[in-house]
Amino acid sequence: MNHDGSTNINLSDAEGEVQHHLDNLDRQMAALQQQIQRLQRLASLGTVSTMLAHEFNNLLTPIISHSQFALSRGEPDAMRGALEKTLKSGQKMATLCSKILGMATDDRTALVVAPILPVAQEAIDCLGRDLTKDDITLTLNVPQDLKARFSPASLQQVLFNLCLNARQAMVGRPGRLTISASRIEDRVVIQVVDNGVGIRSEHLESIFQPFFSTKQHEGRLDRGGIGLGLHICRQLMTEQNGEIRVESKLGHGAAFTLTLPAAD
């Protein structure tokens with residue numbers, strides 16, 4: 001204590017204490033963001049649950065009918081044919097389950113040099129349903145040798161969310177979904193374009209904000225939204241030293257453009 005009765009304040013200790021709290025807050029925020037990303041992935045998979053249930057029913061129906069037919073005949077050839085069809089349907093179901101489980105994992109790999117095409121195909125496969133069944137024509141125009149530096153798991157999640165949104169925007173009408181990619185100087189540019197309902201101009205500045213959704217009042221599970229998908233997409237692209245932007249006109253679809261660092 002000073003002679004005048006005041007107390008010395010150690011500024012260095014106070015600054016250290018403040019910095020310690022700030023560091024703790026940073027760690028908590030990073031952990032919270034990771035949890036939000038995981039919840040968003042699970043929410044996206046929940047959105048396609050209706051489609052997945054329908055596809056599994058389509059695969060189970062022939063398994064049951066062929067098995068019943070083979071058992072009623074009791075003939076080796078009929079049983080063999082039923083087993084072959086059952087095996088084929090079972091393999092399709094196992095492959096689909098594997099892809100969906102892969103989307104639900106927390107494996108956010110480090111940035112690596114990898115081709116774009118396999119990641120785009122995996123994202124489409126995770127939809128769990130052939131788009132032609134919804135009268136949607138898919139065009140995948142990605143060169144096999146086109147590579148970038150990115151996180152495959154993160155890019156897959158971004159493309160999956162964009163494809164899911166595009167499908168929802170085109171349900172009930174003949175649709176076209178185009179995924180294309182090319183290299184422009186030191187960047188790889190990926191475009192996801194649909195001819196769905198489009199986005200209102202007044203919403204374009206807000207769609208990447210958390211909890212903003214134009215589908216919050218949809219009655220169907222496979223068309224709803226909680227407003228985190230595009231926000232997480234922007235976060236994931238930023239973490240990969242990339243960018244995401246959108247162009248759209250109401251009634252004329254939407255075009256999302258992703259950019260990533262190119263690699264040889």
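Let me start with the place where helix 4 meets helix 5, in what is a predicted model: on the helix 4 side the contact is made by Val119, Ala120, Glu122, Ala123 and Ile124, and on the helix 5 side by Pro152, Leu155, Gln156, Leu159, Phe160 and Cys163. If we sort the residues of this contact by character, nine are nonpolar, one is polar and one is charged. As for the geometry, the axes of helix 4 and helix 5 lie 8 Å apart and the angle between them is about 50°, so the two helices are oblique to each other. The crossing of helix 4 and helix 5 is right-handed.

Helix 5 has a second helical partner to look at, namely helix 6, which covers residues 229-239, and here the axes come within 9 Å and cross at roughly 150°. Because of that angle, helix 5 runs roughly antiparallel to helix 6, and the crossing in this case is left-handed. From helix 5 the residues involved are Ser154, Leu155, Gln157, Val158, Asn161, Leu162 and Asn165, and they meet Gly229, Leu230, Ile232, Cys233, Leu236 and Met237 of helix 6. This contact divides into eight nonpolar residues, five polar ones and no charged ones. You may have noticed Leu155 in both lists, since Leu155 is among the residues of helix 5 that meet helix 4 and also among those that meet helix 6.

Let me step back for a moment to the chain as a whole. How many helices and strands are there in the chain? There are six helices and seven strands, and, read from the N terminus, their order is α-α-α-β-α-β-β-α-β-β-α-β-β. The chain has 264 residues, of which 39% are buried. If we take the contacts in the chain with a separation of 6 or more, 75% of them are between residues 24 or more positions apart.

Now to the charged side chains. In general, side chains of opposite charge can pair when their charged atoms come close. How many salt bridges does a search of the whole structure find? The search finds three, and I will take them in turn.

One of them is between Arg80 and Glu84, whose closest N and O atoms are 3.4 Å apart. Both residues belong to helix 3, residues 76-104, and they are four residues apart, which is about one turn of the helix. Is Arg80 buried or exposed? Arg80 has a relative accessibility of 55%, so it counts as exposed, since the cut-off for exposed is over 50%. Glu84, with a relative accessible area of 47%, is partly exposed.

The other two salt bridges involve Asp134. With Arg129, Asp134 forms a salt bridge in which the closest N and O atoms are 3.1 Å apart, and with Arg167 the side chain of Asp134 meets in a salt bridge of 3.2 Å, N to O. The pair of Asp134 and Arg167 links distant parts of the chain, because Asp134 sits in the loop between helix 4 (117-125) and strand 2 (136-141), whereas Arg167 belongs to helix 5, residues 152-170, and the two are 33 residues apart. Through their shared partners, Arg129, Asp134 and Arg167 are joined into one network. Asp134 is buried, at a relative accessible area of 16%, Arg129 is buried, also at 16%, and Arg167, at 4% relative accessibility, counts as buried too.

Asp135 lies in the loop between helix 4 and strand 2, and its phi is positive, about 60°, although Asp135 is not a glycine. Asp135 counts as partly exposed, at 48% relative accessibility. A positive phi of about 60° is also found at Asn241, again not a glycine, and Asn241 is placed in the loop between helix 6 and strand 6.

I will end with Lys249, in the loop between strand 6 (243-248) and strand 7 (254-261). Lys249 is exposed, with a relative accessible area of 57%. Which residues is Lys249 in contact with, leaving aside its neighbours within four places in sequence? They are Val197, Gly198 and Ile199. In the case of Ile199, which is 50 residues away along the chain, the C-alpha atom is separated from that of Lys249 by 5.9 Å.

Conventions. Residues are numbered from 1 along each chain as its sequence is written. This is a predicted model: local features need pLDDT of at least 70, side-chain atom pairs count only at pLDDT 80 or more; totals for chains, interfaces and linings use all residues. Side-chain values use heavy atoms; hydrogens and water are left out. A salt bridge is a side-chain nitrogen of Lys or Arg within 4 Å of a carboxyl oxygen of Asp or Glu. Buried means under 20% relative accessible area, exposed over 50%, partly exposed in between (1.4 Å probe, protein chains only). Axes are lines fitted to C-alpha atoms, for helices over the stretch in contact, and angles run from 0 to 180 degrees between N-to-C directions. Angles under 35 degrees count as roughly parallel, over 145 as roughly antiparallel, 65 to 115 as roughly perpendicular and the rest as oblique. A crossing is left-handed if the near helix is turned anticlockwise from the far one by less than a right angle, and right-handed if clockwise. Contact means heavy atoms within 4.5 Å. Ala, Val, Leu, Ile, Met, Phe, Trp, Tyr, Cys and Pro count as nonpolar, Asp, Glu, Lys and Arg as charged, and the others, Gly among them, as polar.
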